[in-house]
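Biologist: I am new to this structure and would be grateful for a guided reading of it. May I put my questions to you one at a time?

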Amino acid sequence: MPKEKTTTRKSAKSADKSAGGKKKKDPNMPKRGLSAYMFFANDQRDKVREENPGIKFGEVGKVLGERWKALNEKQKAPYDAKAAADKKRYEEEKAAYTAGGDEDEDEE
DNA sequence: ACCCTGATTGTTGTT
DNA sequence: AACAACAATCAGGGT
């Protein structure tokens with residue numbers, strides 16, 4: 001993404017819990033697509049465990065994260081592609097969700 | 001109009 | 001069944 005936000009972006013990570021923002025959960029809230037990391041873990045989890053026999057979740061998670069960042073955009077490509085594919089799936093659900101939820105569906 | 005925050009996804013291993 | 005760090009991602013509300 002050849003575009004960087006000039007704004008201070010302030011690492012939008014949940015650091016400040018003093019936000020007090022309640023988001024209303026909709027009954028038709030579609031579960032978002034998986035993140036590239038999810039796919040990455042899906043593929044690496046097996047490898048990491050093989051290279052680290054007897055490794056626990058904590059270790060795997062950490063090493064996984066480091067490996068993930070160590071990847072180049074090229075390596076992330078396939079994972080990101082999957083994430084994008086899943087996102088597309090989510091788009092459909094989201095569309096139906098925003099459409100109005102219940103229309104005329106009798107199948108369940 | 002722009003920013004931020006919370007919620008969600010999946011992994012494994014244990015309790 | 002739920003939780004634990006790890007990273008990404010999005011949609012909506014708030015200012």
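The conversation below goes from the overall fold to the core and then to the DNA.

Modeller: This is a predicted model, in which local features need pLDDT of at least 70, side-chain atom pairs count only at pLDDT 80 or more, and totals for chains, interfaces and linings use all residues. Residues are numbered from 1 along each chain as its sequence is written, chains are lettered from A and ligands numbered from 1 in the order in which they are written, and side-chain values use heavy atoms, with hydrogens and water left out.

Biologist: In what order do the elements of chain A run from the N terminus on?

Modeller: Helices (H or I, at least four residues) and strands (E, at least two) are DSSP runs, numbered from the N terminus. Chain A has 3 helices and 0 strands. The order of its elements is therefore written with helix symbols alone: α-α-α.

Biologist: Which residues does UniProt list for "domain: HMG box"?

Modeller: UniProt positions are given here in the numbering used for this model, feature names are shortened, and annotations may be inferred rather than shown by experiment. The unreviewed entry also carries the annotation "DNA-binding region", covering residues 30-98. Over residues 30-98 the chain is 81% helix and 0% strand, with its end C-alpha atoms 10 Å apart. For "domain: HMG box", the unreviewed entry lists residues 30-98.

Biologist: How far apart are the C-alpha atoms of Asn28 and Thr98?

Modeller: Asn28 is found in the segment before helix 1. Along the chain, Asn28 and Thr98 are 70 residues apart. Their C-alpha atoms are separated by 8.7 Å.

Biologist: What separation in space do Glu73 and Arg89 have, C-alpha to C-alpha?

Modeller: Glu73 is found in helix 3. Glu73 and Arg89 are 16 residues apart in sequence. From C-alpha to C-alpha, the separation in space is 23 Å.

Biologist: Is Pro53 buried or exposed?

Modeller: Buried means under 20% relative accessible area, exposed over 50%, and partly exposed in between (1.4 Å probe, protein chains only). Pro53 is placed in the loop between helix 1 and helix 2. Because its relative accessibility is 68%, Pro53 counts as exposed.

Biologist: Why does Gln44 count as buried?

Modeller: Gln44 has its place in helix 1. Leaving aside neighbours within four places in sequence, Gln44 is in contact (heavy atoms within 4.5 Å) with Arg49, Leu64, Arg67 and Tyr79. Gln44 counts as buried because its relative accessibility is 9%.

Biologist: Which element gives the largest share of the largest nonpolar core?

Modeller: A nonpolar core is a set of buried Ala, Val, Leu, Ile, Met, Phe, Trp, Tyr and Cys residues joined through side-chain atoms within 4.5 Å. The largest one has 11 residues, including Phe39, Phe40, Leu64, Trp68 and Tyr79. Helix 1, helix 2 and helix 3 are the elements that give two or more residues to this core. The largest share, 5 residues, comes from helix 1.

Biologist: Which residues does Phe39 touch, not counting residues up to four places away in sequence?

Modeller: Phe39 is one of the residues of the largest nonpolar core, and Tyr79 and Ala83 belong to that core too. With residues up to four places away in sequence not counted, Phe39 touches Leu34, Tyr79, Lys82, Ala83 and Asp86.

Biologist: Which helix gives the most to the surface near DNA strand C?

Modeller: A residue is near a molecule or strand if one of its heavy atoms lies within 4 Å of it. There are 17 residues around DNA strand C, the closest being Arg32, Ser35, Tyr37, Phe57 and Tyr90, and sugar and phosphate account for 57% of the strand's atoms that come within 4 Å of the protein. Helix 1 (36-51), helix 2 (57-70) and helix 3 (73-99) each supply at least two residues of this surface. The one that gives the most, with 6 residues, is helix 2.

Biologist: How many charged residues does the surface near DNA strand C have?

Modeller: Ala, Val, Leu, Ile, Met, Phe, Trp, Tyr, Cys and Pro count as nonpolar, Asp, Glu, Lys and Arg as charged, and the others, Gly among them, as polar. By class, this surface has 5 nonpolar and 4 polar residues. Its number of charged residues is 8.

Biologist: Which side chain has an N or O atom 2.6 Å from a base nitrogen of DNA strand C?

Modeller: A phosphate oxygen of DNA strand C is 3.4 Å from an N or O atom in the side chain of Lys69. A polar side-chain atom of Tyr37 lies 3.3 Å from a base oxygen of the strand. The side chain with an N or O atom 2.6 Å from a base nitrogen is that of Ser35.

Key: Polar contact = N/O pair within 3.5 Å; in protein donor to acceptor, adjacent residues only side chain to side chain.
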